[in-house]
Amino acid sequence: MRAFYSDHFVLPLPDGHKFPMSKYSRLRERILAEGIMSSDDLHEAPLAAIEDLQLVHDAAYVDAVLTGTVAPEIERRIGFPWSLQMVERSRRSVGATIAAAHAALDEGVAANLAGGTHHAFADRGEGFCVFNDVAVAARVLQRDQLARRITIVDLDVHQGNGTAAIFSGDESVFTFSMHGDKNFPFKKELSDLDVPLADGTGDDEYLSLLQSHLTAVLNRHQPDFVFYLAGADPFEGDRLGRIKMTIHGLKRRDEIVLEACTKGRLPVAISMSGGYATDVDAIVAIHTNTIRTACHSTFVS
């Protein structure tokens, strides 16, 4: 299995910023330290091409990000101060998911060790998301006739509102989101399937809902490619989560998704998505389990 990283492209953040940027480099270090992957399997994320970004995002918005002319209100909604490093990091994060998608077509499964920027709309970013990596990668696969029908399984604790809006009315891309009902974004978009979760939802209820809905989604949509957003923020210790999943429960979640993809012979590209626990080690442990589970998946072509 191959994975793509962009953790050494660090965007400068003010002291006290709530985004735990260190989780990405610590994830890569732990994967190597535990022997889950070798350095030969880890690759620097390529830079997403502007024409690829424009498959999803308005040209005016892409230009504003590249040139630092994003409206102050949009910059505030993104939550990151503009910088050249922010532009580089955002493009590399999209490039990592595109690269993971191509690798998954060859090998069955691959991962972006960041990504999952599902709050980015066609004309704006928000919620720590500048460009929508999964949406861009999906459109790249379709443009290049590498996949026709795509399912997005979004298990970040926050609804993938940008992704839902981008693919609204497009029957070739099915958006499936399980998320906190009372959590951000407070104005939800309409996914093809939304499964709202009450505050405090635990392992048993979550996993039961996932098992039944995922099977139905894959049977109904019949995709030939899956993108999986494996958020760490349904964790019970997450500052922004409000769901009570354990680390073990989240590992079982990963197994359910990847077992379904393996059974259906569906290539899957994984993005890490959100994670905001005060204990960064817990975030890293959750993401490490995702990669370990993916590495143990047996894909039958």
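Buried here means under 20% relative accessible area. With that in hand, let's work through this predicted model.

**Exercise 1. Find how many residues of strand S7 (residues 225–229) are buried, and place them on the two faces.**

Solution.
- Start with the count: five of the five residues in S7 are buried.
- Next, recall that side chains in a regular strand alternate between the two faces of the sheet.
- Now sort the residues: Phe-225, Phe-227 and Leu-229 lie on one side, with Val-226 and Tyr-228 on the other.
- Both faces of S7 are therefore covered, given that a residue counts as buried under 20% relative accessible area.

**Exercise 2. Identify the strands that pair with S7 and give their direction.**

Solution.
- Take strand S4 (residues 150–154): five bridges join S4 to S7, and the two run parallel. Here Ile-150 stands opposite Phe-225.
- Turn to strand S8 (residues 268–271): four bridges link S8 with S7, again in parallel. Phe-227 has Ala-269 of S8 as its bridge partner.

**Exercise 3. Check the length of helix H10 (residues 280–295), then describe its cover and its N-terminal end.**

Solution.
- At 1.5 Å a residue, the 16 residues of H10 should span 22 Å.
- The end C-alpha atoms are 23 Å apart, which agrees.
- For cover, 13 of the 16 residues in H10 are buried.
- At the N-terminal end, Asp-279 acts as the cap, with a side-chain oxygen 3.1 Å from the backbone nitrogen of Asp-281.

**Exercise 4. Test the chain against the expectation for a compact globule.**

Solution.
- For 301 residues, a compact globule would have a radius of gyration near 19 Å.
- The chain has 17 Å, which agrees.
- As further background, buried residues make up 58% of the chain.

How values were computed: Residues numbered from 1 in each chain as written. Predicted model: local features only at pLDDT ≥ 70, side-chain atom pairs only at ≥ 80, totals over all residues. Heavy atoms only, no water. Expected span 1.5 Å × (residues − 1). Buried < 20%, exposed > 50% of the residue type's maximum accessible area, 1.4 Å probe, protein only. Polar contact = N/O pair within 3.5 Å; in protein donor to acceptor, adjacent residues only side chain to side chain. Rg over C-alpha atoms; globule rule 2.2 N^0.38 Å. Pairing = 2+ DSSP bridges.
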